[in-house]
Amino acid sequence: MNEQQSKELERLPNLLPWVVGIAVLLLVGAYVWTFNQLPSSESPPAWGSFGDYVGGLLNPLVSTFTLYVAVKVWQLQKVELQQTKDELKKQAKTAEQQRQEQRFFDLLNVYYKTVGSLHVVPNPYAKADQKQTFTGKEAIRAWLSSSGGLWEFTREKGSYVSRSANDIEHSQSVETMKRMLHEWEAHQATEYFGAYLRTIEHILMEAEHLLGTQDLRYVGLFKAQLSRTELILIGFHLWLDSGAEKQWKQAEKYSLLSHLPSGDLRVALEDDLPPGVFVPQTDVPAKCS
């Protein structure tokens, strides 16, 4: 109920005395005008008839006005009740959105804790005073730096040619993938980073369920937290780990590797992973039939 409607409702009862007074004056005036030629009477029955005349005409008028006020109050209360329901729905929707956002940020906290728990000792057999332990995102970089062929492949540019070139056979890409898979398994990537990679998968899978149409915006915030070495690690995981294909759908929806540095690794991944993993799906050129 707005302020104007409230003032109108408060003003209606105040009009009743004026309506009754004006009606009485009109009725008495009409009576006098009609019967002014007759002598005045002191007979009680005559005055009783006059009272019946006034009451008989005035009561329906007062009843009608009262009914109008009651209907008006009912209409205004109905509007106010609907506005209250709409406001409650809006508050419930806002509360649900805040709850979903909080759950997503709880997942981000799990991500931060998982990253913080990472630790790598590149030379575990070195002397105690020569051992170095790396934690967090530095652990990923240290592991990659000590992974031999994997690290070298991430630094190469131009050595790997996309198999989309008509004059290049697929044997190069097959051999490269076999070599990278051997390095990936030999350096125990899944053992070191299995929990981290599962956390990434869980965040992407839960984002749409938790955030609905807002998922792209919030996943964008998450992607901004990923370092260059994290993107490289995730790229190798999507490419080499068995069973990682089930994550391609989420990786493609959110263009997870859109900021992966250019180089031979990106060229190789673009050969095997869906194009939406690297660019938003709206920007992917349509394939010719």
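## Salt bridges between distant helices

The structure holds 5 salt bridges, and the model in which they are found is a predicted one. As a general background, side chains of opposite charge can pair when their charged atoms come close. One of these bridges is formed by the side chains of E230 and K137, with a distance of 3.0 Å from N to O. The two partners sit in distant parts of the chain, since E230 belongs to helix 8 and K137 to helix 3, and 93 residues separate them. How accessible is each partner, E230 and K137? E230 is buried, because its relative accessible area is 0% and buried means under 20%, whereas K137, with a relative accessible area of 29%, is partly exposed.

Another salt bridge joins E208 to K253, whose closest N and O atoms are 3.0 Å apart. Because E208 lies in helix 6 and K253 lies in helix 9, which covers residues 248-253, this pair ties together parts that are 45 residues apart in sequence. Here E208 is partly exposed, with a relative accessible area of 45%, and K253 also counts as partly exposed, at 29% relative accessibility.

## A salt bridge within one helix, and a network

The side chains of E270 and R266 also meet in a salt bridge, with 2.9 Å from N to O. Both E270 and R266 lie in helix 10, which runs over residues 264-272, and they are 4 residues apart, or about one turn of the helix. With a relative accessible area of 40%, E270 is partly exposed, while R266 counts as buried at 15% relative accessibility. Elsewhere, salt bridges that share partners join E208, D215 and K253 into one network.

## Aromatic pairs

The structure also holds 12 aromatic pairs. One of them is made by W143 and F193, and this pair is edge-to-face because the ring planes stand at 85°, with the ring centres 5.3 Å apart. It links distant parts of the chain, as W143 is in helix 3 (residues 137-145) and F193 is in helix 6 (residues 189-211), 50 residues apart. Both W143 and F193 are buried.

What is the arrangement of the rings in the pair of F153 and W239? The pair of F153 and W239 is stacked, with 20° between the planes and 6.3 Å from centre to centre. This pair, too, links distant parts of the chain: F153 is found in helix 4 (residues 149-155) and W239 in helix 8 (residues 228-240), and the two are 86 residues apart. Both F153 and W239 are buried.

The residues of these two pairs also belong to one aromatic cluster, which is formed by W143, F153, W184, Y192, F193, F236 and W239. To describe a pair of aromatic rings, one gives the distance of the centres and the angle of the planes.

## A nonpolar patch on the surface

Which residues make the nonpolar surface patch of about 390 Å²? The patch is made by W18, I22 and L26. Among them, I22 lies in helix 1, which spans residues 3-35, and I22 counts as partly exposed, at 46% relative accessibility.

Terms used. Residues numbered from 1 in each chain as written. Predicted model: local features only at pLDDT ≥ 70, side-chain atom pairs only at ≥ 80, totals over all residues. Heavy atoms only, no water. Phe/Tyr/Trp six-rings, centres within 6.5 Å; stacked < 30°, edge-to-face > 60°. Buried < 20%, exposed > 50% of the residue type's maximum accessible area, 1.4 Å probe, protein only. Salt bridge = Lys/Arg side-chain N within 4 Å of Asp/Glu carboxyl O. Patch = residues over 30% accessible without salt bridge, like charges linked within 9 Å, V, L, I, M, F, W, Y side chains within 5 Å. Areas by Shrake-Rupley, 256 points an atom, 1.4 Å probe, with all protein chains shown as cover.
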